[in-house]
Amino acid sequence: MKYREAAYYQPIENEQVRCLLCPHRCVISSGKTGICGVRRNRAGRLLAETYGHCASFAVDPMEKKPLYHFHPGMLIFSVGSRGCNLSCRFCQNHSLAHGQPDTHYLSPRDLVASVLSRAPESIGIAFTYNEPLVSFEFLLEASAEAAQNNLKTVVVSNGYINNEPLQKLLPLVNAFNIDLKGYSQEYYQKFTGGKLEQVKRNIISAKNTGCHVEVTTLLIPGENDDPQEIERMAAWLAAEAGRDVPLHLSRYFPAHKLDSPPTPLKTMEQAYHAALKQLDFVYLGNAPELDKSSTSCPRCNTLIISRSWGKVTIENLNEDSCAVCGKELSIVS
Ligand code: SF4
């Protein structure tokens with residue numbers, strides 16, 4: 001297996017290093033990894049242990065990322081590795097995020113070549129499943145290689161990274177789906193081990209650099225599902241990133257360390273209506289019964305894109321505008 005020296009770290013005494021990739025700023029002794037489990041100190045050098053180590057592949061609909069306003073209905077080659085720098089008790093992908101899955105080495109060039117030859121219908125590469133940012137060096141180089149081959153780069157992420165590496169990555173990323181896991185620091189600390197403010201800053205940075213951004217919140221019953229808090233979160237998004245940022249409210253099912261029952265459908269509906277007071281596009285994920293995954297024009301209410309049980313149909317989209325009233329919509333197609 002190949003390893004790459006990590007970017008963004010500094011040596012400190014006794015062969016210890018401080019990793020500067022994410023806000024944890026782990027101090028790591030020789031032989032150990034940081035919180036993410038994949039950046040390891042070897043005798044005073046920090047190695048990116050998962051460089052090129054791919055654990056999971058699939059050709060997915062863009063909607064599955066979820067990205068509803070970025071090339072709707074298209075397919076994207078999706079790849080994941082292992083490791084994550086948050087420790088969400090409800091992690092829906094913990095076997096990759098916190099396990100030791102088998103991996104297969106691909107250089108950035110190999111990865112792009114394999115997308116072009118094996119999945120020519122894909123418009124690009126989505127780095128997803130585990131947390132892509134902890135494999136920062138591979139993500140950066142594979143995204144550059146993808147761009148050179150006219151492939152889009154999508155990153156599905158918890159958004160937990162320091163500003164300097166984020167700024168380096170942003171010009172290479174076409175679309176982000178960033179988790180905003182809740183809207184209080186208490187919730188972030190209790191359920192993820194991270195800091196809310198850094199994630200908020202990074203959502204704004206991504207948006208300000210012209211990246212297409214969608215946001216996802218997994219609703220945990222009794223923890224982050226208060227409609228007033230959802231409305232405050234949506235109001236913040238509208239004020240800082242624009243009313244047209246799509247927000248995906250996703251229904252929780254028991255996973256990893258959390259075994260409380262799934263989010264009630266009624267809670268999902270209440271959250272939907274609370275967010276919709278502030279934002280133009282709110283979608284419910286993992287709740288097909290509620291049928292809140294289609295896109296309608298916020299001005300004339302015309303159905304723009306219908307999504308039903310995995311089927312996506314473009315109904316009334318004229319480039320990036322409503323075909324009926326002409327309102328510009330935040331849809332990249
Ligand atoms: S990327 Fe990993 S090692 Fe680096 S600071 Fe974050 S959790 Fe720690």
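What follows is a walk through this predicted model, from the ligand site out to the sheets and helices. Residues are numbered from 1 along each chain as its sequence is written, and side-chain values use heavy atoms, with hydrogens and water left out. As the model is predicted, local features need pLDDT of at least 70 and side-chain atom pairs count only at pLDDT 80 or more, while totals for chains, interfaces and linings use all residues.

Let's start with the ligand. Its surroundings are Cys 19, Leu 21, Cys 22, His 24, Arg 25, Cys 26, Ile 28, Gly 34, Ile 35, Cys 36, Arg 39 and Asn 85, where being near a molecule takes a heavy atom within 4 Å of it. Sorted by class, this shell has seven nonpolar, three polar and two charged residues. The sorting puts Ala, Val, Leu, Ile, Met, Phe, Trp, Tyr, Cys and Pro with the nonpolar residues, Asp, Glu, Lys and Arg with the charged ones, and the others, Gly among them, with the polar ones.

Arg 25, one of the shell residues, sits in the loop between S3 and strand S4 (27-28). Helices (H or I, at least four residues) and strands (E, at least two) are DSSP runs, numbered from the N terminus. Arg 25 is not a glycine, yet its phi is positive, at about 50°. Its relative accessibility is 41%, so Arg 25 counts as partly exposed; buried means under 20% relative accessible area, exposed over 50%, and partly exposed in between (1.4 Å probe, protein chains only). Glu 15 also has a positive phi, near 60°, and belongs to the loop between strand S2 (9-11) and strand S3 (17-19). With 44% relative accessibility, Glu 15 counts as partly exposed.

Arg 39 of the ligand shell brings us to a sheet. Arg 39 stands opposite Ala 48 in S6, and S5 and strand S6 (residues 45-48) pair in the antiparallel sense over four bridges. For two strands to pair, DSSP has to find at least two bridges between them. The open sheet here has three strands in the order S1-S6-S5, with antiparallel pairing. Strand S1 (4-5) and strand S5 (39-42) are at the edges with a single partner strand each, so one side of each has no neighbour in the sheet.

Further along, the peptide bond from Lys 65 to Pro 66 is cis, with omega near -5°. You'll find Pro 66 in the loop between strand S8 (56-61) and S9.

S9 turns up again at helix H2. The buried residues of H2 are Pro 108, Leu 111, Val 112, Ser 114 and Val 115. Looking down the axis of H2, these buried residues fall within an arc of 160°, so they line one face of the helix; the arc is that of the directions from the helix axis to the C-beta atoms. Their cover includes strand S9 (75-80), strand S11 (122-127) and helix H3 (136-148), with contact meaning heavy atoms within 4.5 Å. On the other side of H2, Arg 109, Ser 117 and Arg 118 are exposed. Arg 109 has 60% relative accessibility, and its C-alpha is 8.4 Å from that of Ala 146, 37 residues apart in sequence.

Now for strand S15 (residues 247-251). Five of its five residues are buried, so the strand is largely enclosed by the rest of the structure. In a regular strand the side chains alternate between the two faces of the sheet. Here Leu 247, Leu 249 and Arg 251 point one way, and His 248 and Ser 250 the other way. Strand S14 (residues 212-219) runs parallel to S15, joined by five bridges, and four bridges join S15 to strand S16 (residues 282-285), again parallel. Ser 250 ties the picture together: Leu 218 stands opposite Ser 250, and Ser 250 stands opposite Gly 285 in S16.

Helices link these strands. S14, helix H7 (residues 227-241) and S15 make a right-handed β-α-β unit, as do S15, helix H8 (residues 265-276) and S16. A crossover is right-handed if, with the strands pointing away from the viewer, the path from the first strand over the helix to the second runs clockwise.

Last comes an open sheet of three strands in the order S17-S18-S19, with antiparallel pairing. Four bridges join strand S18 (residues 303-308) to S19, and Ser 306 stands opposite Thr 313 in S19. Asn 301, in the loop between S17 and S18, is exposed, with a relative accessible area of 59%.
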